[in-house]
Amino acid sequence: MFELLKGLGSWLVSGEQWTGSDGIGHRLAEHLQYSLLATLVAAAIALPIGLLIGHTGRGAFVAINLSSFGRALPTVGLVVLVFLASGLSMWPVYIALVALAVPSIVTNTYAGMTAVDPEVRDAARGQGMRWYQVLFQVELPLALPLIMTGLRLALIQVVATATIAAYVSFGGLGRYVFDGLAQRDLVQVLGGAVLVALVAVVLDLVLSALQRVLFRHRPAPQS
Amino acid sequence: MTRTNRESRVTRMNPMNRRALLGGLFAAATVPALAACSSGITSLEGDGAGGGGGGSSKGGVTIGTANFTENQVLGYLYAAALEAAGVKTTVRPNLGTREILIPALRGGDIDLLPEYQGALLHYLDTKATATEEGTMQNALAMLLPRGLQILPYGEAENADAFAVTRETADEYGLKSLADLAKHNGKLVIGAAPEVKKRTVGSVGLKEVYGVEFKEFKSLDSSGPLVKGALKKGDVDVANLFTTDTDIAAEGWVVLTDPKNLIPGQHVVPLIADRKADSTVRKALARLGSVLTTKDLTELNRLVDKDRKDPEDVAYDWAAEHGIKK
Amino acid sequence: MSVDWSWIADHTDDLTTLTLSHLQAALTAVLLGLLISLPLAVLAHRVRRLRGLLLGLSNVLFTIPSIAVFVLLLPVSGLTRTTTVIGLTIYTLVVLLRNTVEGLDSVPARTKEAAKAMGTRPLRTLLTVELPLALPVIMAGVRIATVMAISLVSVATYIGDGGLGQLFTDGFQRNFPTPVIVGVVLTLLLALVADALLVTLQYVLTPWTRRQKQGA
């Protein structure tokens, strides 16, 4: 145990570990690229779906159960399947990560929308607001805290899972985990795992800080 | 994939395992770092070994295999040979690399694995120079950790090959591994991750031929990743197996090895002393003398191209060659 | 990418064995997770300081890639089913702990006080009042943990286990989509069936929630 932690210490601080194409700097940048791009694409797909279902109330069953389906989907299988269909490309990684992130965002966006007080919605309609005005000026702001929860949850899952990129020959911090497994170099595996966890925690803190700065004038509607 | 074997693993959760499991759990519940190194427990040694002594295969032999299809074929061939001699076997496919398998063999999770002479030698001694079969066999016997032994090596051989596409060979004028050094810093090599640290890999290519690649890409062992990358041009040089029928099918050029970096790679059984009785020795020696490189290559083709089960092709081959109950 | 139906027909035995092995790993992990999380949750619910520590720690555990957890367990439990189960248990624990604490929190203070006033002992209150009332939230956690565990088992294919996950490695190595498709579909089916069974179990276990709904 002590050996492993000592190894981790020197692994993390050694200069050559940070530079070059297999350096931590490069792997970190790759990992961020995979995770952020996948989460953004997922948000672009999932937010409209969640808002629409929440606004119209149609398809609620889908919205509620989608996150369960997302959790059930075996990422390894999905990656391999897309790999066999598309060959050596980034598609397996991005499709699997987006598929992982979409359900959490849809379900939480929908939950945020249903948490909006129906009376507030009716009052807005009563004032003669159009449907899109109700959606964007009333419902969306009130649903934002839960939407942000969904985004943060999705991002954490994606960061942890982006490790799989290394399985289909690409980079990211997962490189250390898979190479470490092949070489039975547990220090490398631990190093990769710690860095992934660190990235997830830091990104989550950044998002929660962002949430606080952006929406501090609006008290959250629920606890 | 296994048939009857999987079940036996499921039922193997005896009370002792469960106790070890709970102990591990409390360590693991805190931080993985804690779990990864909590004291010196290596696996569940008491599991089926039945204590030291001269070695006996009575309790059955668990065969572990590495993460590429040929090794599974070999694992099932061993199983077929042992079963023909009345020994019970369990095959555990796709366990990982040699780096993972050998500690598992020492720890008792597996008892036997199909190995390759030269690669095993370099795993045990990165500075090893022997390339001739007999010398390697002696060196291996000396180097193996206590509790493990190798049995006589077989006829079949699957060596490492460093291959390039016809176009790359023409473009850079590549015929032998020595030619690679003329293009230091320009070419990308693709191989399984463990090859980066192996003598028959980045280390040896640099020491023996002075080759330095622009990049090492971690792919797989003569599998879809490395072959896909070579085809696509993502890598210039690929580490493949000589028993891979794709080399001929794709017209790839295998670089020659004038300085004998790549040692002979005859298939050799690596076994734990506790299981190495005379029945096992005889059965595996007989298999080794019958199975040729050509047979092995053909079995690989059946599995990789015709999508036959490694288990089926192995048992069929064994039956055809009179190795059956 | 077409499905080779004859392969499926030829491998029903293998598929059954793998499915059972898959299910066994996931369910063992959920049961162990429950066994460990219950006392921890009671502790976290009662002791404020421990609560932050335990929940914080479990949040961090959740960010660690599961492959790494399996590999880092190799020195402890080797290439065994035990490694798979311990790794999975860690993840079920995270979900179960959080939900069980939330479930216990959701029990109204008045109810607990009423029990106390009637002279019920703390342990008895926990077992006969708090836990039953927390059951809907706990069961929600069990459902999430079960589905997650079923999906995660396949990651253990990298250490030579993984139930249906072995089909993924197999299909990958041989450029053969059929086993992969079958593996994905069976995993989803397992999760679906397990979830449906748990919903039914919850329905049976908490009759009072049904009456409440009818009354409302």
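1. Which residue follows H3(A), and is its phi positive or negative? Gly57(A) follows the helix, and its phi is positive, near 75 degrees. Bear in mind throughout that this is a predicted model.

2. Now the helix itself. H3 of chain A runs over residues 24-56, which makes 33 residues. From first C-alpha to last it reaches 47 Å. The expected value, at 1.5 Å a residue, is 48 Å, and the helix comes close to that. H3(A) still bends, by about 25 degrees at Ala46(A). A proline, Pro48(A), follows Ala46(A) within four residues.

3. On the membrane annotation. An unreviewed UniProt entry marks residues 34-54, 60-84, 91-111, 158-178 and 190-210 of chain A as "transmembrane region". Two of these spans can be set beside the model. Residues 60-84 of chain A are 92% helix and 0% strand, with end C-alpha atoms 34 Å apart. Residues 91-111 of chain A are 100% helix and 0% strand, and their end C-alpha atoms lie 30 Å apart.

4. On the domain annotation. The unreviewed UniProt entry also assigns "domain: ABC transmembrane type-1" to residues 32-211 of chain A. In the model this span is 83% helix and 0% strand. Its end C-alpha atoms lie 20 Å apart.

5. Contacts between the chains. Here 19 residues of chain A are in contact with 24 residues of chain B. On the chain A side, the elements that give two or more residues are helix H1 (2-13), helix H9 (174-183) and helix H10 (186-214). The largest share is that of H9(A), with six residues. By type, the chain A side divides into eleven nonpolar, four polar and four charged residues.

6. Layout of chain B. The domain assignment gives three entries: domain 1 (13-42), domain 2 (54-156 + 268-320) and domain 3 (160-254). Domain 2 is thus listed in two segments of chain B. The centres of domain 2 and domain 3 of chain B, taken over C-alpha atoms, are separated by 26 Å.

7. Contacts inside chain B. In chain B, 14 residues of domain 2 are in contact with twelve residues of domain 3. On the domain 2 side, helix H6 (117-124) and helix H13 (293-304) of chain B each supply at least two residues. H13(B) gives the largest share, five residues. The domain 2 side divides into three nonpolar, eight polar and three charged residues.

Note on methods
Residues are numbered from 1 along each chain as its sequence is written. Chains are lettered from A and ligands numbered from 1 in the order in which they are written. This is a predicted model: local features need pLDDT of at least 70, side-chain atom pairs count only at pLDDT 80 or more; totals for chains, interfaces and linings use all residues. UniProt positions are given in the numbering used here, feature names are shortened, and annotations may be inferred rather than shown by experiment. The expected span of a helix is 1.5 Å times one less than its number of residues. The bend at a residue is the angle between axes fitted to the seven residues ending there and the seven starting there. Two residues are in contact if their C-beta atoms, placed from the backbone, lie within 7 Å. Ala, Val, Leu, Ile, Met, Phe, Trp, Tyr, Cys and Pro count as nonpolar, Asp, Glu, Lys and Arg as charged, and the others, Gly among them, as polar. Domain bounds come from an automatic or database domain assignment.
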